[in-house]
Amino acid sequence: IFPSYSPVLGINSQQPPLRILQDQLDGSNVYDNVQPSTYHATSYNVQTSGVWDGVSNPIAPGSSIINIEKELRIKAGVSVTFKNIMFQFAPGARLVIENGVSGGQGGKLLLDSTTLTNMPVCGKEDMWLGVEVWGNSTVAQGTVLNSSQGVLRMYNNSKIEHAYVGVLLSKRNTDQAGVVLLSSYDNNYNGGVAQVQNSEFLNCQYGMYFNTYTVGSNNLSTISGSTFKWENLFKKPSVKPQNHIHLFKTSAVTITASNFLQETPAVYGGIDQYGKGIYSNNSEFKVYSGCTNIFLPIGQDCAESNTVRSQFKNLVYGVYVVNSKY
């Protein structure tokens, strides 16, 4: 039986607490028996609207890197901007944007030049769960600024990387012990909104995952000028690419001038492991080109030299459609 050691204060208040390690069994890994002391928060609920940056934020003031052990949650009714920050999430951690209840506003998160990534624990790399945008599956989405759905907006070179699902437009279930399940979803929470502009998803098994939502003919979720990319092996090498965008029984999502890439196909066992760009099952989606001339007169076509097309590269399927109507 191992003795229980309490944490002791560091040399000064600016250092994280230190912990005396218990004796290790021969052959055991230290990181399997140690609670790291490098987290800024275990779980944190954002309950006040405002702007967080590397100077002013309530979790780690003065730091532009914030480490989360289990969960960061944007509460319903809160609107917050993360600007010029990197959040690192431990294996199994997630970021949740709550839906509103009884007609109340959902949580709203804007990522501005911000990166959400994994956090190595004691030198051991792994993947985190990703962002969950909770919705109300039987309620109309409204508008981005007035919605009971959770809303995520990304722009200005923001990035989500090394997650199982970069953005899940639903809620994961938990088991009886409260452990969040990787790929079991509660369809009552479908319908969240994600608007992605000039941003990137890197080495997420699924970039964006849309679950059943068919209220209205169009979805507020849009993707424009963004890149979904796989390169080299994932942080957990046993995980293989699936779909950059996964649509299941979803009303129309609009995609404009975006890239769906597999940069290193040779590292995978065969073409069937290269992953798909857009997977659609009983869903509707639209893929458009863009135009660099933002002052194009109404009714005038974009010149060929100014046209920006969506790109699909080195994938087993660029677009894979099962059942074109739901």
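The structure holds one disulfide. This is a predicted model, with a mean pLDDT of 89 over the chain and 88% of its residues at 70 or more. Residues 1-36 fall below a pLDDT of 50. An open sheet of eight strands with parallel pairing is also present.

**Disulfide and cysteines**
- The disulfide is formed by Cys-291 and Cys-302, with the sulfur atoms 2.1 Å apart.
- The link between Cys-291 and Cys-302 is right-handed, with 85° about the S-S bond.
- Cys-291 lies in strand S25 (residues 290-291), while Cys-302 lies in the loop between S25 and strand S26 (307-308), eleven residues apart.
- Cys-291 has a relative accessible area of 27% and is therefore partly exposed.
- Cys-302 is likewise partly exposed, with a relative accessible area of 23%.
- Cys-122 counts as partly exposed at 44% relative accessibility.
- Cys-204 has a relative accessible area of 2%, under the 20% cut-off, so Cys-204 is buried.

**Sheet**
- The strand order is S2-S4-S7-S10-S15-S18-S21-S24.
- Strand S2 (50-52) and strand S24 (285-288) are the edge strands, and each pairs on one side only.
- Neighbouring strands of this sheet are turned by 15° against each other on average, direction ignored.
- Strand S21 (residues 250-256) runs parallel to S24 and is joined to S24 by four bridges.
- Tyr-288 in S24 stands opposite Thr-256.

**Confidence**
- The stretch of residues 1-36, with pLDDT below 50, has 32 contacts in the model beyond near neighbours in sequence.
- Where pLDDT is low, the predicted coordinates should not be read in detail.

Note on methods:
Residues are numbered from 1 along each chain as its sequence is written. This is a predicted model: local features need pLDDT of at least 70, side-chain atom pairs count only at pLDDT 80 or more; totals for chains, interfaces and linings use all residues. Side-chain values use heavy atoms; hydrogens and water are left out. Two strands pair if DSSP finds at least two bridges between them. Helices (H or I, at least four residues) and strands (E, at least two) are DSSP runs, numbered from the N terminus. Axes are lines fitted to C-alpha atoms, for helices over the stretch in contact, and angles run from 0 to 180 degrees between N-to-C directions. pLDDT is the predictor's confidence in each residue, from 0 to 100. Contact means heavy atoms within 4.5 Å. A disulfide is a pair of cysteine sulfur atoms within 2.5 Å. Buried means under 20% relative accessible area, exposed over 50%, partly exposed in between (1.4 Å probe, protein chains only).
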